[in-house]
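Subject: Structure handover

Hello,

Here is the structure I promised to pass on. Please open it first, then read my notes below.

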Amino acid sequence: MPDPHNAIPEKLLTSKNTRDICPDTVRRVWEECRRKYKKPKDAEKAAREALHGISGAFMTADEARHLAWDMQEWSIKKTDVGLEKMLSRHASTRERLPVSDIDALYEQVFAITGRPRSVLDLACGIHPIYLGARGIETVGVDISGGAVSAVNGFHEIYEAPVSAVCADLLCPGAVPKRRFDMALLLKLLPLLERQRGGAARDVMNAVNAAWLVCSFPTRTLGGRNVGMAANYAEWMEGHLPEGFAAEGRFETGNELFYILRKTS
Ligand SMILES: C[S@@+](CC[C@H](N)C(=O)[O-])C[C@H]1O[C@@H](n2cnc3c(N)ncnc32)[C@H](O)[C@@H]1O
């Protein structure tokens with residue numbers, strides 16, 4: 001007989017801020033919190049906070065709704081101004097704006113890797129919308145149902161070469177087995193480590209790609225510079241995945257990038 005105290009609380013499954021998160025993630029986080037807290041009420045509060053920290057903090061349910069409207073509007077204008085409006089709906093892409101800075105960033109990446117024909121974007125947020133707008137075939141994975149729907153909506157409305165699946169990178173089988181020219185792990189590795197020690201290494205080793213592009217935030221969400229670049233550089237250089245060599249490292253205003261090439 002299943003223990004009713006261990007059933008996922010109705011509120012986590014139905015509330016506006018958590019109902020669109022990948023069900024595997026909600027279950028995983030709930031079970032972790034249930035093990036940590038005696039009272040179901042405390043476990044539920046901790047689960048809500050944890051889910052916010054790994055997903056909702058980057059794009060709220062309201063921002064996802066506005067993004068769906070923006071997309072309809074962009075069909076009229078199809079300009080970089082419209083693209084910028086869409087990308088501003090997720091904290092991670094908003095931090096890279098204006099779009100001309102993202103173009104400059106990829107010029108720097110492609111100068112090392114060449115222009116990829118296929119990209120895997122892990123914990124993609126809505127970043128595939130930028131890549132699709134620039135004609136780059138991209139498959140995204142994220143636990144945010146709002147982000148995944150936005151990427152797939154962008155494909156449906158504009159026939160952009162992008163798609164996304166809702167999956168949890170900490171669960172088996174979430175990293176696609178297919179070979180890609182390039183995999184993006186942007187502002188992801190520290191977030192994975194926070195969810196489970198060793199998860200960043202496991203995900204990097206599961207990727208089948210000729211190039212890995214990993215990035216790290218160098219400022220807090222509030223914009224403060226607290227020495228994150230040096231700490232993350234030390235971490236990355238101590239955790240290069242097997243069979244990859246670092247071919248490039250550079251910093252933009254608020255992000256540190258490593259370009260890794262598959263050597264074996
Ligand atoms: C800091 S944002 C980065 C988004 C995107 N990579 C970018 O740089 O624009 C982190 C993203 O990871 C997703 N995420 C967090 N934990 C995840 C997990 N275990 N599996 C898949 N996606 C996850 C969140 O929903 C969020 O969209």
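Let me begin with one helix. The buried residues of α4 pack against two other helices, α5 (80-87) and α9 (145-158). Which residues of α4 are buried? They are Glu 63, Ala 64, Leu 67, Met 71 and Trp 74. Please keep in mind that this is a predicted model.

The length of α4 checks out. The helix covers residues 61-77, which makes 17 residues. At 1.5 Å a residue it should span 24 Å. Its end C-alpha atoms are 25 Å apart, so the two values agree.

Right after α4 comes Lys 78. Lys 78 sits in the loop between α4 and α5. Its phi is positive, near 45 degrees, and the residue is not a glycine. Is Lys 78 buried or exposed? It is exposed, because 11 other C-beta atoms lie within 10 Å, and 12 or fewer count as exposed.

Glu 159 also has a positive phi, about 55 degrees, without being a glycine. You will find Glu 159 in the loop between α9 and β3 (162-166). Glu 159 counts as exposed because it has 9 C-beta neighbours inside 10 Å.

One more backbone point. The peptide bond between Leu 97 and Pro 98 is cis, with omega at about 10 degrees. Pro 98 belongs to the loop between α6 and α7 (99-113).

**The chain as a whole**

The chain has twelve helices and seven strands. Its C-alpha atoms fill a box of roughly 60 × 45 × 40 Å along the principal axes. How does the radius of gyration compare with that of a compact globule? For 264 residues, such a globule would have a radius of gyration near 18 Å. The chain has 19 Å, so it agrees.

Of the 264 residues, 38% count as buried. Now take the contacts between residues at least 6 apart in sequence. Of these, 59% join residues at least 24 apart.

**Two domains**

The domain assignment gives domain 1 (4-56) and domain 2 (61-262). Their centres, taken over C-alpha atoms, are separated by 26 Å. The contact between them takes ten residues from domain 1 and twelve from domain 2.

Which elements give two or more residues to the domain 1 side? They are α2 (23-36) and α3. Of the elements on that side, α2 gives the most, with three residues. By type, the domain 1 side divides into three nonpolar, three polar and four charged residues.

**Around the ligand**

How many residues surround the ligand? There are 22, and the closest are Ser 92, Ala 123, Gly 125, Leu 169 and Leu 186. Four elements, α3 (40-56), α6 (91-94), β2 (138-142) and α10 (189-195), give two or more residues each to this shell. The shell holds twelve nonpolar, seven polar and three charged residues.

Ala 123 deserves a separate look. It is found in the loop between β1 (119-122) and α8 (127-133). Ala 123 counts as buried because it has 26 C-beta neighbours inside 10 Å, and the cut-off for buried is 20 or more. Leaving aside neighbours within four places in sequence, Ala 123 is in contact with Val 141, Asp 142, Leu 169 and Leu 188. Leu 169 is also listed among the closest residues to the ligand. Leu 192 is 69 residues away from Ala 123 along the chain, yet their C-alpha atoms are separated by 9.7 Å.

**Back to α9**

Asn 152 lies in helix α9. How many C-beta neighbours does Asn 152 have inside 10 Å? It has 17, so it counts as partly exposed. Not counting residues up to four places away in sequence, Asn 152 touches Ser 163 and Ala 164. Asn 152 and Arg 134 are 18 residues apart along the chain. Their C-alpha atoms are separated by 16 Å.

That is the set of notes. Over to you.

Best wishes

Key:
Residues numbered from 1 in each chain as written. Predicted model: local features only at pLDDT ≥ 70, side-chain atom pairs only at ≥ 80, totals over all residues. Near = placed C-beta within 6 Å. Nonpolar A, V, L, I, M, F, W, Y, C, P; charged D, E, K, R; others polar. Domains from an automatic or database assignment. Contact = placed C-beta atoms within 7 Å. Rg over C-alpha atoms; globule rule 2.2 N^0.38 Å. Expected span 1.5 Å × (residues − 1).
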